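Q: Got a minute to go through this one with me? I'd like to talk about charges and helix packing.

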Amino acid sequence: MIALASDHAGLPLKKEIMTMLDEMGLAYRDYGTYTDASCDYAAYAQRAAKAVVSGECDRGILCCGTGVGISLAANKVRGIRCACVSDCYSAKMTRKHNDANMLAMGARVVGADLGRMIAEIFLTTDFEGGRHQRRVDQIMAIEAGEDLTAGLEP
């Protein structure tokens with residue numbers, strides 16, 4: 001199950017992603033917004049991110065005007081690794097190397113066709129693990145309040 005959310009600016013791209021998910025036969029849940037009335041993205045990002053962290057959804061895709069704000073909001077939910085992506089290479093690598101569990105895109109940045117390509121790559125790329133798991137563990141350790149800076153060169 002894929003969690004989806006957007007603000008009003010990201011709604012057209014989210015609708016494109018929904019169509020793509022239908023074509024791929026992937027289930028999704030839309031956590032809003034549902035209209036083009038101006039709204040704030042943070043609550044929608046939080047709602048979708050909570051669904052991913054709880055296990056209700058496996059991954060999430062978020063859309064706003066740039067993708068930046070909604071990704072920042074999602075990343076405030078403990079356990080979320082949301083990458084704001086606007087190219088196919090980054091979509092692939094954020095899964096392979098960072099095990100990102102959420103993707104954010106900007107409808108005003110990527111447009112429909114590129115957005116669909118990015119989302120498909122994100123959803124079909126697996127995490128490599130190995131040496132990258134150590135780095136993901138470090139990211140999660142920072143989130144838990146650990147200080148990783150001891151022993152670094154000045």
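What follows is a chat about charged side chains and one helix pair.

Q: Before we start, what kind of model is this?
A: It's a predicted model, where local features need pLDDT of at least 70, side-chain atom pairs count only at pLDDT 80 or more, and totals for chains, interfaces and linings use all residues. Residues are numbered from 1 along each chain as its sequence is written, and side-chain values use heavy atoms, with hydrogens and water left out.

Q: OK, where does aspartate 7 sit?
A: In the loop between strand S1 (2–6) and helix H1 (11–24). Helices (H or I, at least four residues) and strands (E, at least two) are DSSP runs, numbered from the N terminus.

Q: Which side chain of opposite charge is nearest to aspartate 7?
A: Arginine 108, 6.7 Å away; aspartate 7 is buried yet has no salt bridge. Buried means under 20% relative accessible area, exposed over 50%, partly exposed in between (1.4 Å probe, protein chains only). A salt bridge needs a side-chain nitrogen of Lys or Arg within 4 Å of a carboxyl oxygen of Asp or Glu. For charge, Lys and Arg count as positive and Asp and Glu as negative, while His and the chain ends are not counted.

Q: How many salt bridges does the structure hold?
A: Seven. One of them joins the side chains of aspartate 30 and lysine 14 (2.7 Å, N to O). That pair links distant parts of the chain, with aspartate 30 in strand S2 and lysine 14 in helix H1, 16 residues apart.

Q: And is lysine 14 buried or exposed?
A: Buried, with a relative accessible area of 1%.

Q: What does lysine 96 pair with?
A: Glutamate 128, in a salt bridge of 3.1 Å, N to O. Lysine 96 is in helix H4 and glutamate 128 in the loop between H5 and helix H6 (131–143), so this pair ties together parts 32 residues apart in sequence. Glutamate 128 is partly exposed, at 43% relative accessibility.

Q: Switching to packing: how do H1 and H5 cross?
A: The axes of H1 and helix H5 (residues 107–124) come within 9 Å and cross at roughly 30°. That makes H1 roughly parallel to H5 (angles under 35 degrees count as roughly parallel, over 145 as roughly antiparallel, 65 to 115 as roughly perpendicular and the rest as oblique). Axes are lines fitted to C-alpha atoms, for helices over the stretch in contact, and angles run from 0 to 180 degrees between N-to-C directions.

Q: Which residues are linked in a network of salt bridges?
A: Glu16, Glu23 and Arg116.
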